[in-house]
Amino acid sequence: METTITTVVTGVEQVSPGFVRVRVTAPDTWVTTGAADEFIHVEVGAENMDAGDGHSSRHYSVSKVLSDGFEMEIALHGHGPGALWGQQVRPGDAVDVSEPKAYYAPPSAAHRRVLVGDATALPAIARILAEANPDERFSVVIELASLVDKRELPSAAEVSVEWRLGGNGYAPSVLCSELRSLLPGLRDADCEPYVWVACEAAESRRIRQSLRKEAGLPMASMRLVGYWHGDHDRIMSVWNSLSDEQLAYAQSIWREDRTDEENWVEYEPFLRSLGV
Ligand SMILES: Cc1cc2nc3c(=O)[nH]c(=O)nc-3n(C[C@H](O)[C@H](O)[C@H](O)COP(=O)(O)OP(=O)(O)OC[C@H]3O[C@@H](n4cnc5c(N)ncnc54)[C@H](O)[C@@H]3O)c2cc1C
């Protein structure tokens, strides 16, 4: 974590069988970005740092900003220190978090928005919809391991939500094919849709290729984020075996003067050349 801000848990509640909501109070040094998919690192005390890309913390979305802190929602996916932390955290616990960062930034012209994600994206999607304006139109696809975790998604905007069963480490994901089938009907004559995707990393890469090649969507109209790795151990073993030259190349690709989507143009073929 770059910065550490200590919060205190004030409430823990079961949202649905697969989700726990954790409410914390935060000091004034924790300041929201205002973006609806903002996320933080949460210190969950992971001992196996390999599993979290070398960190003992895990990423969680800020599902609601409160006057004295914020809430987050942990998917209880059954493995890993983050999911375990979500089951064990109790009111009164001190929790170290980072300052928030965010990805969701639709161009103001794009009133048509598409949100696609698995269970880990549900907290961010719920907040994006809760904070949307009445002139926005959303098509949403959410994939869950079990439909018992479906919930109401209140919004002032016009919203259509499709719930799908699959992915989430239990079954092949249908998100890429669902998004492809949505796209032909989404293009208004006068504005591109803005597409935001958050799910398992390999699936997010498949969707990126499809949006670029088949839908021809410009990079500024999409934001795709891999929220977790299904083949984590293999990726880590490939990554740990890279030569200094390969590591330096990887770092040189990810440039600050380009957007992340622009960086992915070079990053995707590099990852493929490594076999991941
Ligand atoms: C920007 C961002 C925002 C996120 N917001 C949220 C959020 O609001 N709520 C939330 O629950 N998660 C969220 N995530 C995803 C979460 O950070 C990952 O799922 C993380 O890997 C969980 O850590 P862990 O310690 O439980 O598992 P890890 O230690 O990372 O992994 C252990 C094992 O569990 C598997 N695994 C990890 N995550 C999942 C999963 N979701 N489903 C099935 N298997 C899994 C891995 O493949 C690995 O085999 C977000 C991620 C990012 C990048």
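**Leu274 and the ligand shell**

At 18% relative accessibility, Leu274 counts as buried, since the cut-off for that label is under 20%. The model is a predicted one. Leu274 belongs to helix α7, which covers residues 260–274. Beyond its neighbours within four places in sequence, the residues in contact with Leu274 are Val238, Trp239, Leu242 and Gln246. Ile235 is 39 residues away from Leu274 along the chain, and the C-alpha atoms of these two residues are 9.5 Å apart.

Turning to the ligand, 23 residues surround it, and those that come nearest are Arg58, Ala75, His77, Gly82 and His229. Arg58 places a polar side-chain atom 2.7 Å from an oxygen atom of the ligand. The side chain of Ser61 has an N or O atom 2.9 Å from a ligand nitrogen atom. In the case of Ala83, a backbone N or O atom is found 3.0 Å from an oxygen atom of the ligand. On its own, the ligand has 910 Å² of accessible area, and the protein covers 89% of this.

Which elements give two or more residues to the shell around the ligand? They are the strands β4 (57–61), β6 (69–75) and β12 (222–228), together with helix α1 (80–88). At the level of domains, at least three shell residues come from domain 1 (5–97), and at least three from domain 2 (112–230). Sorted by class, the shell around the ligand holds 11 nonpolar residues, 10 polar residues and two charged residues.

Technical notes
Residues are numbered from 1 along each chain as its sequence is written. This is a predicted model: local features need pLDDT of at least 70, side-chain atom pairs count only at pLDDT 80 or more; totals for chains, interfaces and linings use all residues. Side-chain values use heavy atoms; hydrogens and water are left out. Helices (H or I, at least four residues) and strands (E, at least two) are DSSP runs, numbered from the N terminus. Buried means under 20% relative accessible area, exposed over 50%, partly exposed in between (1.4 Å probe, protein chains only). Contact means heavy atoms within 4.5 Å. A residue is near a molecule or strand if one of its heavy atoms lies within 4 Å of it. A polar contact is a pair of N or O atoms within 3.5 Å; within protein, one must be able to donate a hydrogen and the other to accept it, and residues adjacent in sequence count only if both atoms are side-chain atoms. Accessible areas come from the Shrake-Rupley method with a 1.4 Å probe; for residues, only the protein chains shown count as cover. Ala, Val, Leu, Ile, Met, Phe, Trp, Tyr, Cys and Pro count as nonpolar, Asp, Glu, Lys and Arg as charged, and the others, Gly among them, as polar. Domain bounds come from an automatic or database domain assignment.
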